[in-house]
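Hi there,

Here is the structure I promised to pass on to you. My notes on it follow below, so have it open while you read.

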Amino acid sequence: MNILAFESSCDETSASVVVANRGFKVKSNIIASQVETHRLYGGVVPEIASRAHTEAISRITYEALAEAEMTLSDIDLIAVTANPGLIGALLVGVNFAKALAVANDIPLVAVDHIKGHIASCYLGGKGNVAKPPFIALAASGGHTAIYRVASHTELYIVGTTRDDAIGESFDKIGRIIGIPYPAGRGFDALAKEGFIKATGDEINFYDKYKKSAAYKDKEMILPSPALADGSLDFSFSGLKTAAINLLHRYEQNGVEIDRALFAARYTYEAVEAVAKKLSMALDRYPGHDLCMAGGVAANSHLRRRIAQVAKEHGVNLFIPSLDLCGDNAAMIAAQGYYEYKKGAFADSSLNASALDTIEAERT
Ligand code: KG4
Ligand code: ZN
């Protein structure tokens, strides 16, 4: 089955052709990023995002089909992100996909963006494909949540942020310390510099960090975003606010902060919180493997630490390749396939929604 998929929920317009035939093969995955445009404003401007999607979507569809060496007549299924996200941005993809499906008489399925991110763990190729049941972390600019993936189409939230998302917090704090939007990647690199500086070790810097003098520096103490209430929930706004106050304190005292050591400290608290809650989730749900998806799953320190968590629990870990961590349409195609198998077809009345639809686990 040949699937053409679209993603336009935020600031990346993407079209992809994926073949589903006893596993998935990504034939093309074209991503038109608007990052340069939004960087001028330090964050995504929804109006501008919608217009940029409108300009890009036809072109990238041609590109995706051409790279896959297919035409619309080869396509058996169209999948599109319908929620959650920026409503104006989502509507561009949804309308385009609907028009294409109706005009060419191709079945259409709507895909939840977060289910799509998690489905990027199905695209790893032979021997590297997640199989439910598993625990999944979705960590992006808009989400930080832990899911129990009971089947390809049945997911339940078991833990979530009560306020900000981890990616948004990296972007915000990164911006304050002079890293251009989106700050995640730059933050990752700066933190590495800080960890190495703190430990003098270029390889095992993360593991040795807690014993370093930099970690013990009282001026740099930051709170953990892992809520200490036995839940699997987070609060990133507490960490963010404490970090802003810390930066102000340095400024008021006329002391220049060591940006690298600060980035390392911030990253350490964020990563350890995720490690702690994923560890608790694996204890709570025996027999479940582990997946990590979303833009923040590209974070090198998080990848390394979560690999340890999986090993300690004796479970398999699936993390998408770096190109599939951020927003892309190949992941939407993969989830779209399972929605199709379930028979969850959309028709020409399909609408977009800004809202999350994945339900909380009932305990
Ligand atoms: O999944 P995504 O592309 O879009 C959303 O659905 O939000 O995630 C984007 C987020 C941004 O906040 C970006 O700063 C963050 O992922 N990000 C990272 C890294 N690469 C991207 N955060 C931490 N470390 C990274 N290496
Ligand atoms: Zn995303």
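Let me start inside: F195 is buried, with a relative accessible area of 0%, and Y209 is buried too, at 1%. Please keep in mind that this is a predicted model.

These two residues belong together. F195 and Y209 form an edge-to-face aromatic pair, with 5.0 Å from centre to centre and 80° between the planes. F195 lies in helix α6 (residues 184–199), while Y209 is in the loop between α7 (205–208) and α8 (213–216), so their pair ties together parts that are 14 residues apart in sequence. The pair also belongs to a wider group: ring pairs link F195, F205, Y206, Y209, Y215 and Y268 into a cluster. One member of that cluster, F205, has a charged neighbour, as R304 lies over the face of the F205 ring at 4.6 Å from its centre.

In total, the structure holds 19 aromatic pairs. Another of them is formed by Y122 and F134, again edge-to-face, at 6.1 Å centre to centre and with 70° between the planes. Because Y122 sits in the loop between α4 (113–119) and β6 (134–139) and F134 in strand β6, this pair ties together parts that are twelve residues apart in sequence. Both rings are in the interior by the usual cut-off: buried means under 20% relative accessible area, and Y122 has 2% while F134 has 1%.

Y122 leads on to a polar residue that you may like to look at. Q335, in helix α13 (residues 330–342), has Y122 among its contacts, together with V111, K115, G116, A119, H152 and T153, when neighbours within four places in sequence are left aside. Is Q335 buried or exposed? With a relative accessible area of 1%, Q335 counts as buried. Its side chain has polar partners there: it reaches the backbone oxygen of H152 at 3.0 Å, and a polar contact of 2.9 Å joins it to the side chain of E339.

Next, the start of the chain. Six of the six residues of strand β1 (residues 2–7) are buried, so this strand is largely enclosed by the rest of the structure. N2, L4 and F6 point one way from β1, whereas I3, A5 and E7 point the other way, and all of them are buried.

Which strands does β1 pair with? One is β2 (residues 12–20), paired with β1 in the antiparallel sense over six bridges; a hairpin joins the two through four residues. Within this pairing, A5 has S16 of β2 as its bridge partner. Another is β4 (residues 77–83), which runs parallel to β1 and is joined to it by four bridges. On that side, I3 stands opposite L77.

Finally, the overall picture. The chain has 13 helices and twelve strands, and its C-alpha atoms fill a box of roughly 65 × 45 × 35 Å along the principal axes. For 363 residues, a compact globule would have a radius of gyration near 21 Å, and the chain agrees with this at 21 Å. Buried residues make up 55% of the chain. Of the contacts with a separation of 6 or more, 72% are between residues 24 or more positions apart.

Happy exploring, and best wishes!

Note on methods:
Residues are numbered from 1 along each chain as its sequence is written. Chains are lettered from A and ligands numbered from 1 in the order in which they are written. Side-chain values use heavy atoms; hydrogens and water are left out. Rings of Phe, Tyr and Trp (its six-membered ring) pair if their centres lie within 6.5 Å; planes under 30 degrees apart count as stacked, over 60 as edge-to-face and the rest as tilted. Buried means under 20% relative accessible area, exposed over 50%, partly exposed in between (1.4 Å probe, protein chains only). A charge sits over a ring if NZ of Lys or CZ of Arg is within 6 Å of the ring centre and within 35 degrees of the ring normal. A polar contact is a pair of N or O atoms within 3.5 Å; within protein, one must be able to donate a hydrogen and the other to accept it, and residues adjacent in sequence count only if both atoms are side-chain atoms. Contact means heavy atoms within 4.5 Å. Two strands pair if DSSP finds at least two bridges between them. The radius of gyration is taken over C-alpha atoms; the globule rule is 2.2 Å times the number of residues to the power 0.38.
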